[in-house]
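This briefing covers helix packing, burial and backbone geometry in one protein chain. Please read it alongside the structure shown here.

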Amino acid sequence: MKSKKKKRQDDFQKVKLKVGKKKPKADNATNTNFRSKGINLTEQLKRDTSGPTTHRQLGINDLLSQLHHYNANVKHSALSGLRELLPLNPSLLEQHLSRLLSEVAAVFTDKDGNVRVAATRVLKFIAQSVPAERVAPFFPLLSAHLSCAMTHIETGIQEDAMKILDVLLEHYPSLLAARPAVLLTNFLELISHRQNSGGAKKAQDAKGRTWALSVNPSRVVTSQQWRLSVLLRLGRFLQAVVEERPVEESDIFDPAERVFGSSGEGKITPLHLVWEELIYSKVGVKVYEHSGAKPTPQSTYRLRPDVDPGPAVGEGLDSAEAVKSFAATLVPLLLEVWVEATTGDCPWSSTDSAHLLTPDAMSVMFQVLSILQLLRKLAPQQDHRDALDAWFYKEYLGDFKQHFMKNFPYGTRDTPKHKKKVDLKRSKQTAAVPGQTVEPLALNITLCQVMVSLSQRQGPGRETDGDWLAPLRTFVQDTLGSGGKLSYRQLHMLLGTVWKMVFTQRSKTVTEDLLAAVHVYYRQMHLTLQTRSLLLSFYSKLYLQEQGQTHIARSKVLCRWLAALPLQLSQLGHRNPALSAQLILSIQAAASRGHKDLLNSLQTHACRLYDPEEGVVVLLPAESQQRMVQLLYFLPKMSQPLLANLSSCCTAGRISAGLAASLIRIVHLRSSLSNWSVGSQEAALQDIDYISFLFSTLTGFSSDKLATLQDADEESVLPPSPLSPLSLYPTPLEQFTHHWDVVEEVCHCLETLGSKSQCFDILQNGICQYLTKLGVVPDSMAAGLLRAVARLLDLSVLPIEPVVRFLSQCCLSLLALLITLQQELPAETNHKREAIWGACVSALSTVPRLLRMVLQLMRVGDVNEEELPQLGQILTMLLQHAPLHSQLLANAALLQEIIQNLTRYSRGPTREQWLTDLLYYYSVTVAHSSSARRGNMGLRDIY
């Protein structure tokens, strides 16, 4: 029993624990130790070779996926990686444009400001690299995210949304302006809020004003600075909407000219269209059936399918009612902003300094006026714009006069600048507001334009606007007449204001005062080309409106301006072709209306304008030259010096041959010999002056140039010889061709004068008196004379002996030149050789006794051996020409003697080819004549 009990106690014996000793492990303890080995997957360590990566080895897919990360630093790093990756790999933009735009736009409303700034930079790079037509399919998504950012509750996100809007306005204005309604509402919500219809607001609700300005004290900028920032973007957005509207057909003009109210009637402006560019074009093109012969607006053909514009007010300002609805909401807010700027600027009541403003207030007020200007231009058509002006006049004229005109004109307040420590944080915050320095002059000019646009045309039964227009008119006159320099935009706006005043006030006194102020500015020196062109356009368009406007008709200022144009044109010359062209257009418009002052001035300066060396008619481009030639038709008189200049212009080659022909026709029409008259228009030149003009043009050289040629050295002229009785001056090929075309026109004019015999008699008297004694003759003049004599010859008048002798010398000299040209330059002088040969043959077959005298000049005994082949070739050419056979047979004895002498003097063991050809053609000609009864006695008696 004892041993058994002891054994049981041994099994359940308690272990004694001792201090400082390690606790023994239990028998049932689990061993948790383990051993592990690492596994390396080499494929995961390889670089991504599917596309380009950043310096952190991140591809485009990795960066875009990181934009969804919850950590702002990771998203900022991803955007920085995109800025690094995209410039180096532009192809990624094309491949991943959809994902890029959607992912970047999604972080527009991110809570972290650094992420939003980085997203704006990425968007700016994309906008600089991708055109609008590529972004258009994805732009609704961009616009939606932009609207979310603009209407976000966080003020920081709203401020960054303005920067995103700046990027889109700079690069994609057409896409933003396509559906403006949503963004316009967003602009309103940025500076105002809807009012609750409670009892305290009943008076305001009665006027329909449901929006009021809002103030957010949590912004880092002041309320005025924030409103200025929003109004700046609103102005740019409205400007984009105005510019992207389809241009009416009557408004396809230069933007500088559109302001002056010209309807464009009677003006045809060609459009050069590229169909691929019309998808996003500003110009709407109307396509008609039947090539426009039967214009029907309901054409079955369309350039592209019509797009449903959606609700009229909901999607765009495409109707006058939609514009009125938006203006009714916006204008009261703008008036509140104006009042806040003026009253907040000077809280004390001081009438002396109420017109002085700080720069911030002036910037806000300038933006208010600019937006009011743009609201007028939102009307889709001109008649809608007039209706909108009438609505503004009715609804807001009282408010505008009360607030805008109360302290007009405005000036800048001098504020002392105190030196203080720069707060970097504050300066960084204020820099976020895009400020622009506005001068008082710009503010006052804009106010003038806004107010004058509301003025209605004066007439019976209408209330006069003189009480509030008088200060504006005085300011405009003082500004233009003070002699100060204005920018192009300021002058443009002032001229638009003057134009509106002239046609609404309809007072001769007011018109003269305004035009006199503009003329003072016009006479300033050193104006830029753009400014000078703008002033010319203003005066020209105003003059074109003269008919039917009693207050403009016969304006002394306009008459003085027109009378000075020819002198200005002569002084300007070719130094500025664009401005000269505009001057010519203005002169032409007044000359076509018979303005006496301008025509007298044009008559006075005509010789200088049409000088063949320094006149504008030879120095300006071809289009201006044509207009200068057209002006000749309106000249009252054409003096002899002017006709001499015109003749030199035609022959000198400084104007084209076609234009020279037009000049000759105009001079012909203004002579009494043309039997052409329009109304009471008298002949501008005497008959003798006209004939002298034609003869001088026919010769192609003035008397002074011909006298100079007589003393020319032997290197510049061809010396005389037995085959060339006259010393020919070889004119260049271009000059010869030009003169030949002019000769054809002169001959045409001479043929239409009536009596052919009298014309030929005058022509041969001129040749006998001025040309027969010349020893050196230009080849172009000799060919032209032969051509004219052949066309004008009348057998009732036989040419006199000196003339026939001179013409025979010219003919033989030209035939010798023809052989020389054929041997030396056969290809380059083809046209010249054809002209010379045609002139010689026509004269030889037409003028009696001319062929005989030419044959008599062929003295074989005086010709040296080198010239014998040339003489033989000349005879061969004459024998080959069938129309000359009868004349040659009439002089058969003389011809036979020449050929016999040639055969005798041509010594050599073998007969040369030229002599063989000559004898062959001579035998053929004689044989042909024998079979057809040799000649008739009548021809022999004549020749």
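**Backbone exceptions and helix packing**

P409 is found in the loop between α17 (382–403) and β4 (411–412). The peptide bond that leads from F408 into P409 is cis, with omega near -5°. The model is predicted, and its chain holds 44 helices and six strands. Of the 943 residues in the chain, 46% are buried. Among contacts with a separation of 6 or more, 74% join residues 24 or more positions apart.

**Unusual backbone geometry**

- Most residues other than glycine have a negative phi, and most peptide bonds are trans.
- H526 is not a glycine, yet its phi is positive, at about 60°.
- The position of H526 is in the loop between α22 and α23, and with a relative accessible area of 75% this residue is exposed.
- R849 is also a residue other than glycine with a positive phi, near 65°.
- R849 sits in the loop between α38 (830–846) and α39 (850–857), where its relative accessible area of 24% makes it partly exposed.
- G594, just after α25, has a positive phi of about 70°.

**Helix pairs**

- Two packed helices are described by the angle between their axes and the distance between the axes.
- Helix α8 (residues 139–150) and helix α9 (residues 155–171) cross at roughly 150°, and their axes come within 8 Å. α8 is therefore roughly antiparallel to α9.
- The crossing of α8 and α9 is left-handed. On the α8 side the contact is formed by F139, L146, A149 and M150, which meet I157, Q158, A161, M162, I164, L165 and L168 in α9. These contact residues comprise 10 nonpolar, one polar and no charged.
- Helix α32 (residues 687–699) packs with helix α34 (residues 733–751) at an angle of about 150°, the axes being 9 Å apart. The two helices α32 and α34 are therefore roughly antiparallel.
- α32 and α34 pass each other in a left-handed crossing. Y690, L694, T697, L698 and T699 of α32 are in contact with H739, V742, V743, V746, C749 and L750 of α34. Eight of the residues in this contact are nonpolar, three are polar and none is charged.
- Helix α40 (residues 868–880) and helix α42 (residues 892–905) have axes 11 Å apart, at an angle of about 145°. Their crossing is left-handed.
- From α40, the residues L868, L871, G872, L875 and L879 meet L895, I898, L902 and Y905 from α42. The contact of α40 with α42 has eight nonpolar residues, one polar and no charged.

**Length and burial of single helices**

- How far apart are the end C-alpha atoms of helix α25 (residues 577–592)? They are 22 Å apart, which agrees with the 22 Å that its 16 residues should span at 1.5 Å a residue.
- Buried positions in α25 are L579, S580, Q582, L583, I584, S586, I587, Q588, A589, A590 and A591.
- Those buried residues of α25 pack against five helices, namely α22 (508–522), α23 (529–544), α24 (556–572), α26 (596–604) and α29 (622–631).
- Helix α11 (residues 181–191) is mostly covered, with eight of its 11 residues buried. The buried residues are A181, L183, L184, N186, F187, L188, L190 and I191.

**Two buried hydroxyl-bearing positions, S555 and T531**

- Is S555 buried or exposed? Its relative accessibility is 0%, so S555 counts as buried.
- S555 lies in the loop between α23 and α24. Setting aside residues up to four places away in sequence, S555 touches E512, L515 and E546.
- T531 belongs to helix α23. A relative accessible area of 6% puts T531 among the buried residues.
- Beyond its neighbours within four places in sequence, T531 is in contact with Y488, L491 and Y521.

Conventions: Residues numbered from 1 in each chain as written. Predicted model: local features only at pLDDT ≥ 70, side-chain atom pairs only at ≥ 80, totals over all residues. Heavy atoms only, no water. Axes fitted to C-alpha atoms, helices over the stretch in contact; angles between N-to-C directions. Helix = DSSP H or I, 4+ residues; strand = E, 2+ residues; numbered from the N terminus. Left-handed = near helix turned anticlockwise from the far one by under 90°. Contact = heavy atoms within 4.5 Å. Nonpolar A, V, L, I, M, F, W, Y, C, P; charged D, E, K, R; others polar. Expected span 1.5 Å × (residues − 1). Buried < 20%, exposed > 50% of the residue type's maximum accessible area, 1.4 Å probe, protein only. Parallel < 35°, antiparallel > 145°, perpendicular 65-115°, else oblique.
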